[in-house]
Amino acid sequence: MAIALPEQGLIALRKSVSRRQLYSNLFAIVGLISILVALVVLVALIIHLLSQGLTSIDWQFLTSPASSDAEEAGVFIALVGSGLVMLVTTTLAVPVGIAAGIYLEEYARKGWLADLIEINVTNLAGVPSIVYGLLALGLFKYALNLGESIITAGLTLALLVLPVVIVTTREAMRAIPSSLREAAYALGASKWRMVKDHILPYSMGSILTGIIIGLSRAIGETAPLVTIGALTFITFLPDSPIQPTFPFISFSWLLSPFTVLPIQMFSWVSRPDLAFEAKAAAAGAVLLALTLLMNGFASFLRYRLRKGIKW
Amino acid sequence: MNAQPSPPTSDLEYRWGRNFQEKAIEAMLFLAAFLAVAVTASIMVILVTESVGLFQTVSIVEFLTGTEWAPMFEPPTYGILPLVCGTLMTSLIALIVAIPMGTLSAMYLSEFASLRAREWIKPSLEILAGIPTVVYGYFALLFVTPLLQKILPSLPGFNMLSPGIVMGIMIIPLVASISEDAMRSVPRELREGSYAAGATRFQTALKVVFPAAISGISSSYILSVSRAVGETMIVAIAAGLQPIITFNPLEPAATITAFIVQVSLGDLPHGSTAYQTIFAAGLVLALMTLVFNIFGHFLSKRYRENY
């Protein structure tokens with residue numbers, strides 16, 4: 001500095017700097033504390049669930065049907081139901097979502113139609129899940145007469161997951177540099193060939209991550225399924241999809257009544273009985289483990305992909 | 001890659017076939033994308049057609065301004081205000097928790113945390129957003145409420161405070177991740193200019209980065225409002241189901257979503273009054289979230305164009 005500061009001024013300046021630095025550090029601590037509070041709640045939730053429910057989780061709990069006797073009640077039927085509903089959801093939402101994503105990212109020309117679709121996708125992502133339940137109640141259960149069945153539940157959750165799949169597909173495809181597209185065109189590939197042989201394989205990993213995250217949300221979804229009237233006492237398995245007699249594959253399970261894990265948990269939470277509270281915690285712990293495993297797998301996949309891709 | 005067609009087929013025919021295939025595929029992809037529009041349209045159509053019967057027995061004005069909600073009693077009253085009040089109260093509590101904590105977390109992650117810390121903290125916070133809401137409901141009813149009762153002994157078992165707080169914790173990652181993205185997309189030069197002028201990280205975060213990212217941050221707030229308004233299981237389990245107009249968070253209340261769940265649990269014949277009321281309630285809910293969503297996306301679009 002050209003002009004030497006008088007001694008007094010220098011001290012005042014140093015004081016002001018160290019005071020402002022102190023504020024800055026204090027603020028950082030406040031920020032860190034707010035993150036820690038959230039994480040402490042997360043830990044408290046997990047510990048509470050495990051401490052209440054862990055004693056109930058054993059082989060018998062996982063392989064028994066629901067029962068009005070708390071001692072014997074288990075989650076087997078609910079686990080099978082969750083699996084089958086997820087199967088329907090995945091089969092419907094994944095191809096349709098990817099196709100929609102491809103159209104919006106690679107095909108759609110700028111214009112009112114593309115804008116209209118885009119606005120609708122973002123809006124659907126924000127529609128409360130219970131509204132999907134009302135749609136399912138009016139449309140699938142009554143208008144299409146599908147009843148309180150696995151197919152109704154699968155369709156409902158597929159609609160719920162659809163925006164997630166569309167958005168991740170688009171993001172994954174947007175990350176691919178356009179030089180790759182031009183290279184494919186230069187070799188004479190048609191648009192669909194270019195998408196099918198290049199864009200889709202390159203973005204598949206990221207799309208898969210998004211699908212898993214979407215499904216992990218769907219598996220814990222309760223409200224839309226309660227709305228279609230799925231909170232019933234079910235103690236039998238749906239028909240097996242594989243039959244011993246010709247034609248060996250049966251689709252009658254699609255129309256059977258069902259229960260899923262979060263609904264089973266909800267019905268146990270709403271009972272005033274203490275013994276069922278433990279069962280609810282146990283079901284919650286199983287559900288939490290499932291969603292955390294799916295999320296963890298998705299994070300792992302994302303981490304691996306980020307390391308692997310270098311455009 | 002494509003084997004050329006055998007000599008008798010002309011090149012023109014080959015091209016025609018290929019063009020046809022291309023067009024057919026494009027049409028199928030378009031149909032998939034257009035499904036989004038169809039779903040939105042059918043949501044609106046179903047909500048309106050299934051609830052329209054109700055508005056023959058009660059006028060829309062009475063429905064929207066009535067202060068008593070007792071559709072199952074004799075004589076039935078259909079004023080949705082108590083449900084709207086419960087919804088807004090629980091959402092307000094959630095936002096009082098989520099907005100400051102989410103914003104502070106986002107500021108810390110974006111302006112203070114080291115790269116390594118961020119790599120660990122972000123996915124851990126995301127776990128909170130992935131927990132099923134029925135688990136949160138259980139947690140609110142059987143952990144948070146008893147905990148609060150130790151501080152406030154007069155707190156009833158069902159109240160708005162506990163589910164509101166839990167809902168707020170659930171929404172923190174939503175606020176934090178959108179706000180952090182907005183703050184991180186503020187150009188580096190702005191920060192460096194501020195540091196060069198002698199500002200600390202705190203001053204830069206508060207007076208340079210935050211205002212520059214304000215539209216993205218406010219869009220995260222609005223999206224979290226719509227998330228809180230539509231949240232169902234936490235309030236259905238822990239807030240009680242009495243539709244009363246009250247502004248006291250220590251009292252139980254019913255939200256729009258909790259009412260829909262409560263009615264769905266019972267016998268619900270197609271076309272009955274109970275059936276019509278949940279669609280009318282759903283219509284109000286859908287319109288409320290629609291307004292917030294459009295507003296939020298409008299704001300986030302604007303900030304994307306800024307830099």
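The crossing of helix α1 of chain A with helix α5 of chain B is left-handed in this predicted model. The residues that form this contact comprise eight nonpolar, one polar and no charged. Helix α1(A) spans residues 7-53 and helix α5(B) residues 115-130; the two pack at an angle of about 50°, and their axes lie 10 Å apart. The two helices are therefore oblique to each other. From the side of chain A, the contact involves Ile35(A), Ala38(A), Leu39(A) and Leu42(A). These residues meet Ile121(B), Ser124(B), Leu125(B), Ile127(B) and Leu128(B) of α5(B).

A further helix pair was examined within chain A. Helix α3(A), residues 76-107, and α6(A) cross at roughly 35°, and their axes come within 6 Å. The crossing of α3(A) with α6(A) is right-handed. By class, the residues of this contact number 23 nonpolar, five polar and four charged.

The loop that precedes α6(A) was considered next. Gly147(A) is located in this loop, between α5 (129-143) and α6 (150-174) of chain A. Apart from neighbours within four places in sequence, Gly147(A) is in contact with Phe140(A), Lys141(A) and Thr152(A). In sequence, Gly147(A) is separated from Ser256(A) by 109 residues, while the C-alpha to C-alpha distance between them is 8.8 Å.

Enclosed space in the model was also analysed. The count comes to two cavities of 30 Å³ or more. The largest cavity has a volume of about 50 Å³. Its lining consists of Leu109(B), Lys122(B), Leu125(B), Glu126(B), Pro173(B), Ala176(B), Ser177(B) and Glu180(B). Two elements of chain B, α5 and α7 (161-184), each give two or more residues to this lining. The largest share, four residues, comes from α7(B). In terms of residue class, the lining of the largest cavity has four nonpolar, one polar and three charged residues. Leu125(B) thus appears both in this lining and in the contact of α5(B) with α1(A).

The second largest cavity holds about 30 Å³ of space. It is lined by Ser82(A), Val85(A), Met86(A), Leu157(A), Ala218(A), Ile219(A), Leu225(A) and Val260(A). The elements that supply two or more residues to this lining are α3 and α8 (191-219) of chain A. Helix α3(A), described above for its crossing with α6(A), gives the most to the lining of the second largest cavity, with three residues. Seven nonpolar residues and one polar residue make up this lining, with no charged residues.

Among the open spaces, the second largest pocket was characterised. This pocket has a volume of about 290 Å³. Its lining comprises 17 residues, and those nearest its centre are Val269(A), Ser270(A), Phe158(B), Ala236(B) and Ile237(B). Elements from both chains give two or more residues to this lining: α10 (261-269) of chain A, and α11 (233-238) and α12 (256-265) of chain B. Helix α12(B) gives the most, with four residues. By class, the lining of the second largest pocket divides into 11 nonpolar, four polar and two charged residues.

Note on methods: Residues numbered from 1 in each chain as written. Chains lettered and ligands numbered in written order. Predicted model: local features only at pLDDT ≥ 70, side-chain atom pairs only at ≥ 80, totals over all residues. Heavy atoms only, no water. Axes fitted to C-alpha atoms, helices over the stretch in contact; angles between N-to-C directions. Parallel < 35°, antiparallel > 145°, perpendicular 65-115°, else oblique. Left-handed = near helix turned anticlockwise from the far one by under 90°. Contact = heavy atoms within 4.5 Å. Nonpolar A, V, L, I, M, F, W, Y, C, P; charged D, E, K, R; others polar. 1 Å grid on protein atoms, 1.4 Å probe; cavity = no way out; pocket = protein on both sides within 12 Å on 5 of 7 lines; lining within 4 Å. Points joined across faces, edges and corners; volume = space filled by probe spheres on them.
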